[in-house]
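Student: I would like a close look at how the side chains in this model are tied to one another, with the cysteines taken as the starting point. Could you go through it step by step?

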Amino acid sequence: MAERVVENLNQALHGLLADDPALTVLGEDLVDPYGGAFKVTRGLSARWPDRVLSTPLSEGGIVGVAGGLALAGQSAIVEIMFSDFVALAFDQILNFASKSTAMYGRRVPMRLVVRCPSGGNRGYGPTHSQSPLKHFVGIPGLSLHEVSPFHDNRAVLAGMLATGRPGLLFEDKVLYTNRMYADGVVDELFRYDLIGPDADVARVRVDEEEQADCVLVVPGGLAARAVAVARELLLRDDIVCQVLVPSRLWPLDADTLLPPIARAGRVVVAEESTAGGTWGAELAQVVHRRLWGALRAPVRLVHSADSVIPTAAHLERTVLVQDTDIRQAVKEVVSGD
Amino acid sequence: MTATRTEAPPIAPTRLAATDLDLLLLIRHFELALLDMFGRGELNGTTHTCLGQEYVPVALRPLLGDDDFVFSNHRGHGHYLARFNDPHGLLAEVMGREGAVCQGVGGSQHILRDRYLSTGVQGESVPVAAGVALHLKRTEPGRLALVYLGDGTWGEGAVYEALNMAALWGLPLLLVVENNGIAQSTPTVAQLAGSIGGRARAFGVDHLRVTSTDTEVVRAALTPVLRRVRERSTPYVVELLTHRVGPHSKGDDSRRPEEIAYARAHDWYARYAQAYPEQFGVHDERQRAYVAQVVADVAGRPASDWAEADRG
């Protein structure tokens, strides 16, 4: 049985620390035996006590320290305990790390990744459940990635560091406990492959089926929900969906996403954040601009409700994007209702 | 623990070596030239001159090596000139002309050259410098990261997050506070509760307050501090009571006339001129003429180029 996502991330960090003696991993409560709030960093400090550091509660400070290491030619990975708290590091990301790649008139490599456990559906409540990715969309020099069950995190993290640009890696907290997909198989109905120049986009489709009624584009945290929807629509409604899951959300890799969308002529983009200035909205405008003639329906966006995220499970479900929201959106786009 | 070196403005400042005096006067005339050009509408944006504070980086200059990192701030021309003695590159940067040290992208406040960096956000570089100090401690023991900051910057939380980590982790981080008594237009007494020394003490970080504006006195006071930071790998806060003789940026000085007069009365420039008129006159005239020549040279250059490949 394939490993869980949290194990994949943990092994990725082990591998990177082994490969790169210039890499430091830092964040709050990372050191063993605790090993991080979500255990992503378990076992790292035992092997590399000098390069895996537990820090004070100082998100801005530790992202700044990581920026200093990157400035000195080193590599740094920071864990933010809950992605909500990355707001406290916004200045270091917006005004230091991302700008430093260019504002001195020449390219300055900044090998820095900020890992952000994000998303809801676990009952952590209003300040521990958000998906703050949208607040970082469009910052020059900054890349945004999201962990998915299709993408090996060692390759993702190594690729992010190798660009010499700072990046944020969002990690859906529910996804941690899910298993990675392997060998191109999702289930008995669906297969997946990795497409695009860097094999960055996972494409989930009915076995050997190229044409789809609708394309669903989602970040990794929504992949399981999107796949479940695609399966149910196929079995119940005879609607064929293809699911695209990019690892890198920003900058947008439109060249890889657009051809499947053009073939289907219908697309739903789902994300867990609230609406307004989002990754999905940016993707929608690119699709409208470049595929206007090929679209059979307007791009449909699915977001969580414009609301704080409640703690109680029954209330949380009314706010965050659920399978039913995505299924309803696809059915409306396909039927034209 | 806080120590204070209180030196009344000496009647006769220490006579300086020619190199120190030249550097002080280079910075002075560079800054005066900038204000002059702004007044004539020849410069874009804004600039913050260090008039009155030139002696700080000049005092530190021989105490720093090329392998030490220096982090500067919005008021950084003196810091840059003391490190590189490169008025052409800096002026070209401020004017956006060929030969600009950062192609004119960074301008007055954002400069990176070798192990020198300045940014325009208050306090932001203190955690960054802590990261660099962590790297130096691991790989180049004996080197340090120095951050220049003003009294106003002590309102920023980033300073305290960094001080906490630097003290916990024993980082060779030296904070040099140029306390000029005013944060843009807000007097220090209206924006800083307690004291900088008290805040350093709260983290168990040593603090030294120096009140002299005499280059040699300041240098003598700081020499053991830098040695200690290097040898013990420990953070340190040095607070220099200094005097901003000019405006915050271009022409924005809302201080009362007597406050400005007080700053002027403590200005090293006039007191040195009075103490050593013959030495001063020769050097002052030479540096004034040199800066005028730099201005003429750089102003005649074509606009700087920012190549696509350099855009990050």
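Tutor: Let us begin with one cysteine, keeping in mind that this is a predicted model. The cysteine sulfur closest to that of A:C241 belongs to A:C214 and lies 4.9 Å away, which is too far for a bond, because a disulfide requires the two sulfur atoms to be within 2.5 Å. A:C241 is itself buried, with a relative accessible area of 1%, and A:C116 likewise counts as buried, at 0% relative accessibility. When the whole structure is searched, 0 disulfides are found over all chains.

Salt bridges, by contrast, are present, and the structure holds 36 of them over all chains. In chain B, B:D22 pairs with B:R286, their closest N and O atoms being 2.9 Å apart. This pair links distant parts of the chain, since B:D22 sits in helix α1 (residues 18–39) and B:R286 in helix α12 (residues 277–299), 264 residues apart. The two partners fall into separate accessibility classes, for B:D22 is buried at 16% relative accessible area, whereas B:R286 is partly exposed at 43%.

Strand β9 of chain B (residues 206–210) supplies a partner to the next bridge, in which B:D206 meets B:R228 of helix α9 (residues 215–232), 22 residues apart, with an N to O distance of 2.6 Å. Here B:D206 is buried at 16% relative accessibility, while B:R228 is partly exposed at 25%. Strand β9 also carries B:R209, whose partner B:E239 lies in strand β10 (residues 236–241), 30 residues apart, and the side chains of B:R209 and B:E239 meet at 3.6 Å, N to O. B:R209 is partly exposed at 29%, and B:E239 is buried, with a relative accessible area of 2%. Elsewhere in the account of chain B, salt bridges that share partners join B:D20, B:R61, B:E216 and B:R219 into one network.

Between the two chains, the rule finds 0 salt bridges across the interface of chain A and chain B, although 11 residue pairs are in polar contact there, both residues being at pLDDT 80 or more. On the side of chain A that touches chain B, two or more residues come from each of β2 (52–54), α3 (59–71) and α4 (90–100), and α3(A) gives the largest share, 10 residues. That side has 12 nonpolar, 14 polar and 7 charged residues. The contact takes 33 residues from chain A and 33 residues from chain B, and together the chains bury about 2,600 Å², 65% of it on carbon and sulfur atoms.

Notes
Residues numbered from 1 in each chain as written. Chains lettered and ligands numbered in written order. Predicted model: local features only at pLDDT ≥ 70, side-chain atom pairs only at ≥ 80, totals over all residues. Heavy atoms only, no water. Buried < 20%, exposed > 50% of the residue type's maximum accessible area, 1.4 Å probe, protein only. Contact = heavy atoms within 4.5 Å. Buried area = accessible area lost by both parts, 1.4 Å probe. Salt bridge = Lys/Arg side-chain N within 4 Å of Asp/Glu carboxyl O. Polar contact = N/O pair within 3.5 Å; in protein donor to acceptor, adjacent residues only side chain to side chain. Helix = DSSP H or I, 4+ residues; strand = E, 2+ residues; numbered from the N terminus. Nonpolar A, V, L, I, M, F, W, Y, C, P; charged D, E, K, R; others polar.
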